[in-house]
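The following exercises concern salt bridges and burial in a protein chain. Each task is followed by a solution in steps.

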Amino acid sequence: MAQSVELTAAERKLVFAMTLSSILPLLDSSIVNVILSSISNDINASYAYIQWAVTVYMLACAAGILLSPYIHERFGLKKAWIYSIFVFLVGSILVGFSYNLVSLILFRCLQGFGAGILIPITQSTIATYFGKERLKPVMALIAIPSVFAPALGPVFGAIISEQLNWRIAFFINIPLVLVAFFFGRTTIPENKTSKCNMNIYVFLTFLISLILFFISIKNIASGHFFDISNIIMLVLGIGLMMVSLITNNKSESKLIDLSAFNSPQYSMSIMMGFLTSLIFFGFMIFFPLIQAIKDNISITYIGMLLALQGVGAWLARKFIYKSLSEINSFLIIGVGLIISAISILIIQVGGNASEIIGFTVRGSGLGIATIAVLSSPFEFCDKNQIKDTSAVTRVVQQIGGAFGGVLSGILIYLTQAQLISVNNAYHVMFFVSLVFGVIAVIAYIFFGRVNKIA
């Protein structure tokens, strides 16, 4: 029987507030990539250095994610959500008033830190309030805007950059945050708090490892594949990450409780989040760049095509997901990724009609996969592991997105060097998506009959 959800008036307000909370950071980060050149010209900063506005935001976001379980435990869900969304708001306002590169980077750091805490706290709020019985259908409501946001960002960014002022992209967060606060302040549940200790050593070690990892990945994705300094940085980052994880598990005061990974189903659901993020963000980066190689195409047109993913995701939730909601999450993810793989072949044909159809189909596949990815880890963890699961899923999905950038960067490099054709680059993207979908189906075969944690 298809799963449905009936919400009270207070629950609808809560879901609306959490939806805004989840899309704010996604919309912001996708818009910034488009308006960087306008910011660079306005504050007289070199384009080579203005990229740090993106990198610093991502690293500060990672720091916020790592701290989110501690902040959740120390202050409770409601205060943690209010604090984080207002840190994000203050950071947004200050970025809008940036006058040089230093101020821009500092304020983007503050904004990213707030976003890093806000995203997992939002997930924890939904998982805690609705429980496992109603989690899937509620996540389905939130997942669609999460697909729309990064897809619509380039469109808004292009319009703001060409028609308005780049500062509006950050000031627009003011009314959005205030609306989210209005609906969320009275509906977010209070929960128990405790005076827990934070493991500073593990936090700093893991944060440094992420900094090294993301910077090296960023450089490698930009085409510096054989730069020895990037390789050393990447190896050192992965090594420090392993050290921090081992130290965390042996410590009495854990930064993040990873005991849920004792469940194979939980581990596989986290892995599928990584793979889904890789292919989702990888193709979003790949398509505009490969189009730039083929011909001169409008940014607005590309943005509209990417936005069609959100339309496809909405259609899938409305007409497909309801009939799949009772099926094992791994099978849903597998079906979604295989559909997204097929969409790449449709897009590859070229022409407006095939691109419009392809991105709509792609959105439908990724839409149902994203819903399952967001909810499945919480199906295999205890209630006291929700806050840690929220942090883990966000970090892993960020890393997956970074690897997606590497995949697209490698393909673009090989295409520009004429080592492979454009069609072959599309085929690689197709086979990667297909393989990930098959992995999820195999997971369903092994884990499909395993009971979830009550």
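The model shown is predicted.

**Exercise 1.** Determine whether glutamate 73 is buried, partly exposed or exposed, and identify its salt-bridge partner.

*Solution.* Step 1: the relative accessibility of glutamate 73 is 24%. Step 2: buried requires under 20% and exposed over 50%, so glutamate 73 counts as partly exposed. Step 3: its side chain meets that of lysine 387 in a salt bridge, at 3.4 Å from N to O. Step 4: the two residues belong to distant parts of the chain, 314 residues apart, with glutamate 73 in helix α3 and lysine 387 in helix α13.

**Exercise 2.** Which residues are linked in a network of salt bridges?

*Solution.* Step 1: lysine 387 pairs with glutamate 73. Step 2: lysine 387 also forms a salt bridge with aspartate 388, where the closest N and O atoms are 3.5 Å apart. Step 3: Glu73, Lys387 and Asp388 are therefore joined in a network. Step 4: within it, lysine 387 and aspartate 388 are both buried; the relative accessible area of lysine 387 is 16%.

**Exercise 3.** The structure holds three salt bridges. Explain why the one between arginine 167 and aspartate 42 ties together parts that are 125 residues apart in sequence.

*Solution.* Step 1: the side chains of arginine 167 and aspartate 42 meet at 3.0 Å, N to O. Step 2: arginine 167 lies in the loop between α4 and α5, whereas aspartate 42 lies in helix α1, so the pair connects parts separated by 125 residues. Step 3: aspartate 42 counts as partly exposed, because its relative accessibility is 39%.

How values were computed. Residues numbered from 1 in each chain as written. Predicted model: local features only at pLDDT ≥ 70, side-chain atom pairs only at ≥ 80, totals over all residues. Heavy atoms only, no water. Salt bridge = Lys/Arg side-chain N within 4 Å of Asp/Glu carboxyl O. Helix = DSSP H or I, 4+ residues; strand = E, 2+ residues; numbered from the N terminus. Buried < 20%, exposed > 50% of the residue type's maximum accessible area, 1.4 Å probe, protein only.
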